[in-house]
Amino acid sequence: AAAHPTILDAQAQGRVIYVGAGVSLTLEGLRLTGGDASAGGAVDFGAVNGTLGGGLFAYSATVTMGDTLVYGNGAGSGGGIYVYTGTFVLEDSEIFSNTATDGGGVYLNDTRSVTMSETVILSNTATSRGGGMRLDGVRHFASVQNLIRGNTAVEGGGLYFFQGTALVTDLMVLSNRASDAGGGFYVNGGSAQIRALTVMSNTSTKYGGGFYLLDSGATIEGIT
């Protein structure tokens, strides 16, 4: 962790960081907090619109984030982070105590390439889908030693996958909760490959404490 981190606090006046199309940005040793996407106004990219990304919103950009804490932010989608298209690298960071309707911690939408390593997604809340993370149409997801823990949602307490084809490996998904279905994972459509995960102590009030699959051709193997 950074000895003297830079704290960026939006004080509920808007998003903490907005990254526009074509930008290549590296964020290191930061603390992103106090973001409120609704105060920053809605964005509209046709099919993708609304109050997106309380801590960070990135559109068709290349973003690398390392040694950064993202906490105490809120949005309609992507309470902590929302990335639409582009590429995203998240390393040695913590995303915690963020809230949204969808994707309490992180929402990745049609993102071309995602690399996530040694990162903790903790105690985020979605009032609909994807307490820790929501991934829509993600094509490439490289994961190394990540923890998704203690997140809550109606569907997909830990993670909610929609129409993705990504290979997902090397994740610990622990103690997440869904009030309807998919305490750990909710996989809706697509053909994701889910391998070599630890999925423990996740709960759902109705269906699938660990996993819930709906109209999905997902492959799941090597789960402990």
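This passage describes the salt bridges and a charged surface patch of a predicted model.

Side chains of opposite charge can pair when their charged atoms come close. In the predicted model, 6 salt bridges are found. One of them joins the side chains of Glu-155 and Arg-129, with a distance of 2.9 Å from N to O. The two partners come from distant parts of the chain, since Glu-155 belongs to strand β22 (residues 152–155) and Arg-129 to strand β18 (residues 125–129), 26 residues apart. Glu-155 counts as buried because its relative accessibility is 15%, under the 20% limit for that class, whereas Arg-129, at 29%, is partly exposed.

A salt bridge is also formed between Lys-206 and Asp-180, whose closest N and O atoms are 3.7 Å apart. Here a loop residue is linked to a strand residue: Lys-206 sits in the loop between β30 (203–204) and β31 (211–214), while Asp-180 is part of strand β26 (residues 177–181). Lys-206 is exposed, with a relative accessible area of 56%, but Asp-180 is buried at 18%.

In the pair of Arg-195 and Glu-221, the closest N and O atoms lie 3.5 Å apart. Because Arg-195 is in strand β28 (residues 193–195) and Glu-221 in strand β32 (residues 219–221), this salt bridge ties together parts that are 26 residues apart in sequence. Arg-195 is partly exposed at 29%, and Glu-221 is likewise partly exposed at 41%. In addition, Asp-102, Arg-134 and Asp-136 are connected through a network of salt bridges.

On the surface, Glu-28, Glu-91, Asp-92, Glu-94 and Glu-118 form a negative patch. Of these residues, Glu-91 lies in strand β12 (residues 87–91) and is partly exposed, with a relative accessibility of 34%.

Key:
Residues numbered from 1 in each chain as written. Predicted model: local features only at pLDDT ≥ 70, side-chain atom pairs only at ≥ 80, totals over all residues. Heavy atoms only, no water. Patch = residues over 30% accessible without salt bridge, like charges linked within 9 Å, V, L, I, M, F, W, Y side chains within 5 Å. Areas by Shrake-Rupley, 256 points an atom, 1.4 Å probe, with all protein chains shown as cover. Salt bridge = Lys/Arg side-chain N within 4 Å of Asp/Glu carboxyl O. Lys, Arg positive; Asp, Glu negative; His and termini not counted. Charge placed at Lys NZ, Arg CZ, Asp CG, Glu CD. Helix = DSSP H or I, 4+ residues; strand = E, 2+ residues; numbered from the N terminus. Buried < 20%, exposed > 50% of the residue type's maximum accessible area, 1.4 Å probe, protein only.
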